[in-house]
Amino acid sequence: MKTHVKALVVGGGAVGTSIAYHLAKAGWDDVMLVERDELTSGSTWHAAGLLPLFNMSYATTHIHKYSVDFYKSLEAETGLNAGFAVVGNLRMAQTDARMDEFKLYASTAETCDVSYEWLTPDEIKSRWPLIRTDDLKGAIYHTEDGYINPADVTQAMAKGARQRRGGDCAQDAGRCLSLDRQPLGSHLHQDGRAGRQSGGLGRAGGDHRRACGDGIGQPRAAHC
Ligand SMILES: Cc1cc2nc3c(=O)[nH]c(=O)nc-3n(C[C@H](O)[C@H](O)[C@H](O)COP(=O)(O)OP(=O)(O)OC[C@H]3O[C@@H](n4cnc5c(N)ncnc54)[C@H](O)[C@@H]3O)c2cc1C
């Protein structure tokens, strides 16, 4: 195992592997990710994997849009099929107030160039014949929404990071227990082993982030 790296990522869930992948893609040629157990052994493994493109936040919509575009290219890059499917998303309203809420989603979607359609109850029925529509006002239909298997996309991002030769994603690497900060870098201690990191530290410990942050001297740092 390497003992000196430019950037160290702690935690091998969707967030950590994405950081490692994107650093490697950005040309960082010396990135290491350490995972205390197996990649995806955290909450990523349990995630539903829905990819809803529409919401009320412009920033989140842009992140989701980037993710969907990225997932389309990741399989071609890595050869790993993460079960990505664009199936559309039908959100139905029983009240005028709910339709008003959808209009707010629609204005965010338009600004972010996300496509959508308005459907009447009859149009909903034609798309999904099993549904009862007598109490529905209508629906907003987002054509590009879909789903993906979060555990598989995490493995694909880890493979993509490794393929780019910059991102080393180490499973069973030992829990990152503490980090001694030094003027010229930091020494990472994991289960008795020590390493050195001289550039950045990305913390992606998921639900373990408080313990992980306490150990590495970043108790209040933002969750990456
Ligand atoms: C495609 C996708 C779709 C999603 N869809 C949904 C959805 O529909 N609904 C929803 O609610 N959520 C969804 N999510 C979010 C998901 O539920 C989680 O919030 C997210 O995956 C958490 O990722 P994470 O990397 O932050 O944490 P985790 O997956 O928990 O990863 C943290 C990792 O850090 C490791 N670790 C912790 N401490 C240390 C240490 N000291 N040293 C070494 N390793 C350590 C752990 O073992 C773990 O593997 C989705 C996520 C993805 C990727």
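Is the crossing of H2 and H5 left-handed or right-handed? I began my notebook with this point, keeping in mind that the model is predicted.

**Entry 1: the helix pair**

I looked up helix H2, which covers residues 58-78, and helix H5, which covers residues 150-163, and I found that they pack at an angle of about 55° while their axes stand 10 Å apart. An angle under 35 degrees would have counted as roughly parallel and one from 65 to 115 as roughly perpendicular, and I therefore noted H2 and H5 as oblique to each other. The answer to my opening question is that the crossing of H2 and H5 is left-handed.

I then asked which residues bring the two helices together, and on the H2 side I listed Tyr71, Leu74, Glu77 and Thr78, which meet Val153, Ala156, Met157, Lys159, Gly160 and Gln163 in H5. Sorted by class, this contact of H2 with H5 holds five nonpolar, three polar and two charged residues.

**Entry 2: strand S7 and its partners**

Next I turned to strand S7, residues 138-142, and wanted to know how far the rest of the structure encloses it. Four of its five residues are buried, so I recorded S7 as largely enclosed by the rest of the structure.

I looked up the pairing of S7 with strand S5, residues 89-93, and found that the two run in the antiparallel sense over five bridges; in this pairing, alanine 93 stands opposite glycine 138 of S7. Strand S6, residues 117-119, also pairs with S7 in the antiparallel sense, here over three bridges, and I noted that glutamate 117 stands opposite tyrosine 141 of S7.

**Entry 3: two residues with positive phi**

Finally I checked two loop residues for their backbone angles. Threonine 40 is not a glycine, yet it has a positive phi of about 70°, and I located this threonine in the loop between strand S2 (31-34) and strand S3 (50-51). Aspartate 113 is likewise not a glycine and has a positive phi of about 65°, and its place is in the loop between helix H3 (96-111) and S6.

Is threonine 40 buried or exposed? I found 24 C-beta neighbours inside 10 Å of threonine 40, and since 20 or more are needed for a residue to be buried, threonine 40 counts as buried. For aspartate 113 I found 9 C-beta neighbours inside 10 Å, and because a residue with 12 or fewer is exposed, I entered aspartate 113 as exposed.

Key
Residues are numbered from 1 along each chain as its sequence is written. This is a predicted model: local features need pLDDT of at least 70, side-chain atom pairs count only at pLDDT 80 or more; totals for chains, interfaces and linings use all residues. Two strands pair if DSSP finds at least two bridges between them. Axes are lines fitted to C-alpha atoms, for helices over the stretch in contact, and angles run from 0 to 180 degrees between N-to-C directions. Angles under 35 degrees count as roughly parallel, over 145 as roughly antiparallel, 65 to 115 as roughly perpendicular and the rest as oblique. A crossing is left-handed if the near helix is turned anticlockwise from the far one by less than a right angle, and right-handed if clockwise. Two residues are in contact if their C-beta atoms, placed from the backbone, lie within 7 Å. Ala, Val, Leu, Ile, Met, Phe, Trp, Tyr, Cys and Pro count as nonpolar, Asp, Glu, Lys and Arg as charged, and the others, Gly among them, as polar.
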